[in-house]
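Student: Could you take me through one part of this structure up close, and then show me what surrounds it? I'd like the sheet first, then whatever you think connects to it.

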Number of protein chains: 2
Amino acid sequence: MDLLIHRDELVRALARAQGIVEKRPTHAILSAVLLQASAEGLRATATDKTMTVIADYTATVRTPGQVAVDAGNLFQVAKVLSGDIVTLTLTENGRLEVKAGASVFKLSTFNAADFPVTPALDQARALTMDAGGLRRVIDRVHFAVAPDDNRYGLNGAHVEDTAAASGPVVRFVGTDGNRLCWAQAAYTGELGIGRRMLLPRKGLGEIRKLIEGYDGEVSIAFGDRAALVQYPGVMVHVRLLEADFPDYRQVLPTGFKRRALVDRDALREALRRVSILATDATNSVRFQLSSEGLVLSARKLDAGDSREDVPVELTGEPISMGFNARFVIEVLGAMEGSRVSLELGDALSPCILKDMDDDNALFVVMPVRLD
Amino acid sequence: MDLLIHRDELVRALARAQGIVEKRPTHAILSAVLLQASAEGLRATATDKTMTVIADYTATVRTPGQVAVDAGNLFQVAKVLSGDIVTLTLTENGRLEVKAGASVFKLSTFNAADFPVTPALDQARALTMDAGGLRRVIDRVHFAVAPDDNRYGLNGAHVEDTAAASGPVVRFVGTDGNRLCWAQAAYTGELGIGRRMLLPRKGLGEIRKLIEGYDGEVSIAFGDRAALVQYPGVMVHVRLLEADFPDYRQVLPTGFKRRALVDRDALREALRRVSILATDATNSVRFQLSSEGLVLSARKLDAGDSREDVPVELTGEPISMGFNARFVIEVLGAMEGSRVSLELGDALSPCILKDMDDDNALFVVMPVRLD
């Protein structure tokens, strides 16, 4: 293997690989990136066994070949290289020589044949959607997916197809038991319904990073155990979670007794301020709604208390209830519009938050009991 | 107490206090900042018992008074306040009310009388120096002071007066046993020589922060157990370390066998690159000097090796020796000129580094043994 590559392109390849490979791998080769040079350029593959990213990069290949090398080491080296053009050469004694400017690095390698093979996936049935739409859906759902729950089914985003007024949409749903979010976007093609379509949290986050700045179409194929997300030059294979997602429609309130309309930024900033004096563990802030407006207040033992008024338009009876401020702040941060509606039942019923400018997402936050 | 203060001025006061107060205090009051309002404005005092910072801020005082309040809590609140003008009021039930925009915070307080008193210090004998000169001196010495050595005398910068061609200068010296740096600047007035003048590392760092952006003169008075650093509106009381600094002149080489002149940035960047493949614990990089130039190289087990050529002008015989790359990089980072001289003895003798544009600082780095 012998090739020339622009340093920025190499750094881009390795930054991606770094996000995937295991930091404390059970097998040394799981810390490696597989480099494959061919007439088309350089292909880099990284995996943590639950997901694999395969991506193509522009390179001038003088001798095709392949090698696996520790992704972290090569990334560290690539970042500091002087000079724009980097030469990568597999030497006769099996080391990867990295040359740029006045620097020469010789890195230990792994045998490319030992690198884990990504299982094939039937791509006959795949849906196609706009990358911008997929970004918006992930941004509205990812933060609510449980990071590491022992209710295993909560550790991923559930994917399903449903119908909107505009036509068929694919909906992602995430919850950690304290809040639940869904968001949806139009698609064409076929959503090959498997028994379970639960995309793990890490996979969702990596897909989001990979489509950042890309504006074309993305294809997603689902198999029984894995999903394959693709756009030209990039292929992500994600193993689906083998667990059941709860029947989320059952927990969605079907009506409301009171509704408050409020400015999104005003509510978010006020919550940030008031929650400074919320108790650290519960982060609970009191919401007092009346025809006078919304009064937020919090109290932290030995520190003091806080209070702020936020103008709202309320329909229905006054109420006083508590929320974990962080959960509400994160939901408000996942929206883009300027006005938000809060649909409320009783003091211990779930609250539905909606971006008034966006019918394609819905957020539910559970209240907390105030003492 | 009742006063109006601009939010930015309050944030500035509390950011300073935050750097001083103890994060996990042995007594709760050591986490507090003392606020004293008088006709002149607001005075804020923070201490960790080894150092005390007293600083004055612009405020419109309606009712004089004083109170102590948790510095961290008030800082967190001040940072997020909406509105430019903040009202601070001590309420009848002894809480500090903080009002700005639509927010009201009521913070628990401590009795101002319980706040530790800063011992007085005789200021009759004090030196005066330019703030810029003091900044340069601290920047060249602070990083080399041991952070927490059991040779207690290394945990501070030694201060002495000495004579330069230009007249009397005050010299600061720091070492952690691996490198030693001194830097000096002109002063007027009197350096009241005490038995020990060892400024602790934390105090040195805080003084540096306090004089950032200030361009006037700074006065430093030394007592037997403390130093007092002052400029208009700011007073820092620092307890001196009760320990002996080694006789540093003994370890300074008095001559050299070989000397290399090198571009500072080129050497620093090359060291950064090559040291990526240095062994983590020792960080050691080989310096091979010959008439051909300087070859830097490193090797890390299981990872690989690195090498880079740096042009130098060498006087004297070729030599091969090792240095901890981080120590050399930090020394080069403390200089400002473009050319550096390395004065070398044998492979295990200390190396003197000098900024060719600066006679008022000197850096010594101990070599490491290469296997």
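Tutor: Let's start with the sheet in chain B, bearing in mind that this is a predicted model. It is an open sheet of nine strands, in the order β15-β11-β12-β13-β27-β26-β25-β19-β23, with antiparallel pairing. At its edges sit β15 (198-200) and β23 (312-315) of chain B, each of which pairs on one side only. Ignoring direction, neighbouring strands of this sheet are turned by 20 degrees against each other on average.

Now zoom in on one pair in that order. Strand β13 (residues 179-186) of chain B and strand β27 (residues 361-365) of chain B run antiparallel and are joined by five bridges. If you want a spot to click on, take B:Ala183, whose bridge partner in β27(B) is B:Ala361.

Two helices pack on this sheet. One of them is α5(B), which touches β19 (258-263) and β25 (339-344) of chain B. The direction of α5(B) makes about 90 degrees with that of β19(B). The other is helix α6 (residues 325-333) of chain B, and its contacts are with β13, β25, β26 (351-355) and β27 of chain B. Here the direction of α6(B) makes about 175 degrees with that of β27(B). Notice that β25(B) turns up in both lists: α5(B) touches it, and so does α6(B).

Helix α5(B) also takes us to the other chain. The contact between the chains takes 27 residues from chain B and 27 residues from chain A. On the side of chain B that touches chain A, the elements giving two or more residues are α2 (71-80), β9 (103-107), α5 (264-274) and β22 (304-310) of chain B. The largest share comes from β22(B), with six residues. Sorted by class, that side of chain B has nine nonpolar, seven polar and eleven charged residues.

So what does β22(B) do at the contact? It pairs across the chains: strand β9 (residues 103-107) of chain A runs antiparallel to β22(B), and five bridges join the two. To find this pairing on screen, look for A:Ser103, which stands opposite B:Glu308 in β22(B).

How do the two chains relate overall? Chain B superposes on chain A by a rotation of 180 degrees with 0.0 Å of shift along its axis, at an RMSD of 0.0 Å. That is the relation of a two-fold axis. Within chain B, the residue that comes closest to the rotation axis is B:Lys23, at 16 Å (C-alpha). As for the surfaces involved, 100% of the interface residues of chain B are also interface residues in chain A, so the copies meet through the same surface.

Let's move over to chain A and see how it is laid out. Chain A is divided into domain 1 (2-114), domain 2 (126-250) and domain 3 (254-365). The C-alpha centres of domain 1 of chain A and domain 2 of chain A lie 30 Å apart. Where these two domains meet, nine residues of domain 1 of chain A are in contact with 13 residues of domain 2 of chain A. On the domain 1 side, α1 and β4 (51-57) of chain A each supply at least two residues, and β4(A) gives the most, with six residues. By class, that side has five nonpolar, three polar and one charged residues.

Helix α1(A) has another partner too. The axes of helix α1 (residues 7-20) of chain A and helix α2 (residues 71-80) of chain A come within 9 Å and cross at roughly 145 degrees. Their crossing is left-handed. Among the residues that meet here are A:Leu10, A:Val11 and A:Leu14 in α1(A), and A:Leu74, A:Phe75 and A:Ala78 in α2(A). The contact of α1(A) with α2(A) has nine nonpolar, two polar and two charged residues.

One last stop is a run of paired strands in chain A. Strand β10 (residues 126-130) of chain A is joined to strand β16 (residues 217-222) of chain A by five bridges, and the two run antiparallel. A:Met129 has A:Val218 as its bridge partner in β16(A). From there, β16(A) also pairs with strand β17 (residues 226-231) of chain A, in the antiparallel sense over four bridges. In that pairing, A:Ser219 has A:Gln230 in β17(A) as its bridge partner. A hairpin of three residues joins β16(A) to β17(A).

Notes. Residues are numbered from 1 along each chain as its sequence is written. Chains are lettered from A and ligands numbered from 1 in the order in which they are written. This is a predicted model: local features need pLDDT of at least 70, side-chain atom pairs count only at pLDDT 80 or more; totals for chains, interfaces and linings use all residues. Two residues are in contact if their C-beta atoms, placed from the backbone, lie within 7 Å. Ala, Val, Leu, Ile, Met, Phe, Trp, Tyr, Cys and Pro count as nonpolar, Asp, Glu, Lys and Arg as charged, and the others, Gly among them, as polar. Two strands pair if DSSP finds at least two bridges between them. Copies are superposed by least squares on the C-alpha atoms of residues with pLDDT of at least 70 in both. Axes are lines fitted to C-alpha atoms, for helices over the stretch in contact, and angles run from 0 to 180 degrees between N-to-C directions. A crossing is left-handed if the near helix is turned anticlockwise from the far one by less than a right angle, and right-handed if clockwise. Domain bounds come from an automatic or database domain assignment.
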